[in-house]
Amino acid sequence: MSESNFFDFAAPAGGVVGQPLDRIDGRAKVTGAARYSAEYPLGGLTYGVFSTSSIAKGRIASIDTTLAMKEPGVLAVFTHLNLPKLAKMPDSPERNNSWSPGQSFLPLMSDEIFYSGQPVALVVADTFERATHAASLVRVSYQAEKPVAGIVDPRAEVYEAKAVQGGRMPGRTRRGNPQAALEQAPVRVTATYTHAMNHHNPMEPSATTAVWEGDRLTVYESTQGVTMTQSALSDMLGLPRDKVRVVTQFLGGGFGCKGSSWPHTVLTAQAARAVGRPVKLVLTRRQMFTSVGHREDQRQTITLGATKEGKLTAILHEKTSSTSMFDEWAESNGKVISMLYECPNFETSYKIARANIMTSTYTRAPGEAPGTFAIECAMDDLAYQLGIDPLEIRLRNYAERDPSNGQPWSSKSLKQCYARGAELFGWSKRNPKAGATRDGRYLVGMGMASATYPVHNSQGMARVRIFSDGHAVVQSGATDMGVGTYTVMTQVAADALGLPVERVRFELGDTTLPTAPLSGGSVTAGTVSSAIFMAAQDAKRKVLELASGNKTSPLFGAKPEDITVENGRVFLTKNPAKGETYATMLEHARLTDIEGSGAGRYGGGYTSPGVNADSKGQGTEKYSMHSFGAHFCEVHVDPELGRVRVTRWVGVHAAGRILNAKTARSQVLGGAIFGIGAALMEATHRDPSWVRYTNADLGDYHIPVSADIPDMQVEFIDEHDSHINAMGVKGIGEIAMVGVAAAVANAIFHATGRRVRELPITPEKLMGAGSV
């Protein structure tokens, strides 16, 4: 079916889409019925545990597994000396491999050591305790060399990258003549911003349970993309894809660290095949810091040129960050800086330094989160320098078209976000002078920042089966990171099929289901909801064909545009008395069920019926597609102790059609809390000599707890976008964090008059603050 006629079965008004429906999977989670990847009871299950390197650079001189092998219950100890070879090694992430390898280097394949905590042996035993003890008995001698700590290390060699973020963005982008424009600009702002290394730290650590049945492999995997993991294992193990099944029914968070294929997964599968029994491997919290990537430590220098009225004339941006010894990876911070404000002259460039760390990876809002920290703080500095309100200066530079490519927006409601956020927050009551507002001993500050995130092109599939008893099963190989995918897709299916929610079951997280993209880049909601909508139309059309061709049916001769579906009953819109239920139509046709399938497109290539479309329903005009929003923050700063408390928060976002008001609000709350953590607490520390992480646990790697977060107010602007997909849905998982750190930093400056450009903003950086 062409997408050009998807309105044939428009969902009835007053449906469940958009309603604050309680979580479909809530009961399973609170009762323990929900099974995560490390919780499948398998016969003959064994346990894998890594022994890891104590050095960050060098080679293995010798490795002795004798003591480990003598321990009771130990089945095998795998090292680079005896691990079976792979059919194919992973490519570098920047080669944009279809299955997104986290890094090109695979441990246990050679004697080289590139980073501390690198696996050097994999012990398999009949209990977890025995495997853990045996792993501690593996004896390794090293030929150690002096490691490089990263961009902070004076020995690091810094060079310009050819491409960044998995090869998706060039190492240098330019429009206009920014240098000449800066020389002529009457007002300039230049500053350098530093972002600490961050780790994702989801509640559920990464885990793999691998079981072989002959030449067929099933993997229960904590992954954001079952199809991606299937492709990776198929290639590396030399298996046809249909012989690899990946299951992820529940995921305890990911934030990007489960969005790539990492070495522990294929190593566990190799071990299971070698020992002839299922193997489960769960990374420890410390190993999560050295096994699944991180947000790189980075510096950004940004220069703004502007008129005396605050209009931007030039932006110059340069980023420097650390990467591994074997891959080139950097977040593309400049892409958000390039498009957020109207500016005719722009340039961004990226420099990287190789270090003895593993390859960094996607971390929530990759590029946009740190990029907005730089540009939104710089915009505030420009506003203060010119005596202009920070919100006003953003309005003066509001982009009516995408400055990076000249395209019109598919939809943009940022002005409405500004206005509503300012109203809810009480921005007009803010004293414009920094350091002038107190509440007792505390300095009070108010700050704000813009937010945006692009619509990434994506496509997915879904299948719908309507059964003769009147219930439906809807399937798509998506994943639910814990944010409500089960729930919102059930709502979409219920409305699209005209069924009550309780008569719809949505299934996901299995490569036996129709292919869907990984849950990352805010693509799941838009792609999968559209695929389900299209599959529902296909199924309903087939059911109607049965009835319209049956002379005994009250719907004989009816056309799709003539009918409405509600509560499982199909009837003529102009004569509701004439109709029958799905069950009746299937019974008359002597069918137990009928199946529909559909593809959902998200982003480029989609257009709604009659809107600049060609004969095939393809868009003839290119649009720039983004979600937008605004954050408003109030802080209290203790000038003696330097302690910062976020005391009020307002976030207003425009993200197309909202599928569930409750889960969407929770998404935005979670993203804002994530950003507050990055702003005030989160930093991974390395010993500069040994390049080991010194706080690789949740005791010393600080993240926000409930006491750190105030009541937060979240609203959405009602936005209709006919260009992005069949449902008009934009993603909100990433944008929720974009601009958060800048809003906090801007509030701190307003409170203290002290601009801190190094994240996290910890108390020692603010002690004695208060005098402007």
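**Exercises on strands, cysteines and aromatic rings**

Strand E2 (residues 58-64) and strand E6 run antiparallel and are joined by 6 bridges. The model is a predicted one, in which local features need pLDDT of at least 70, side-chain atom pairs count only at pLDDT 80 or more, and totals for chains, interfaces and linings use all residues. Residues are numbered from 1 along each chain as its sequence is written, and side-chain values use heavy atoms, with hydrogens and water left out.

**Exercise 1.** Work out which strands stand at the edges of the open sheet that has the order E4-E2-E6.

*Solution.* Begin with the terms: strands (E, at least two residues) and helices (H or I, at least four) are DSSP runs numbered from the N terminus, and two strands pair if DSSP finds at least two bridges between them. The sheet has 3 strands with antiparallel pairing. Strand E4 (112-113) and strand E6 (139-144) each have a single partner strand, so these two stand at the edges, with one side of each left without a neighbour in the sheet. For a single bridge, take Arg-59, whose partner in E6 is Gln-143.

**Exercise 2.** Explain why Cys-633 has no bond to the closest cysteine sulfur.

*Solution.* A disulfide is counted when a pair of cysteine sulfur atoms lies within 2.5 Å. The closest cysteine sulfur to that of Cys-633 belongs to Cys-377 and is 12 Å away, which is too far for a bond. By this rule the count comes to 0 disulfides. Cys-633 is also buried, at a relative accessible area of 0%, where buried means under 20%, exposed over 50% and partly exposed in between (1.4 Å probe, protein chains only).

**Exercise 3.** Classify the aromatic pair of Phe-289 and Tyr-693, and state which parts of the chain this pair ties together.

*Solution.* Rings of Phe, Tyr and Trp (its six-membered ring) pair if their centres lie within 6.5 Å, and planes under 30 degrees apart count as stacked, over 60 as edge-to-face and the rest as tilted. The structure holds 17 such aromatic pairs. For Phe-289 and Tyr-693 the centres are 6.5 Å apart and the planes make an angle of 55°, and the pair is tilted. Phe-289 lies in the loop between helix H7 (285-288) and strand E16 (298-306), and Tyr-693 in the loop between helix H15 (661-680) and strand E30 (712-716), so the pair ties together parts that are 404 residues apart in sequence. Phe-289 is buried at 0% relative accessibility, and Tyr-693 is buried at 13%.
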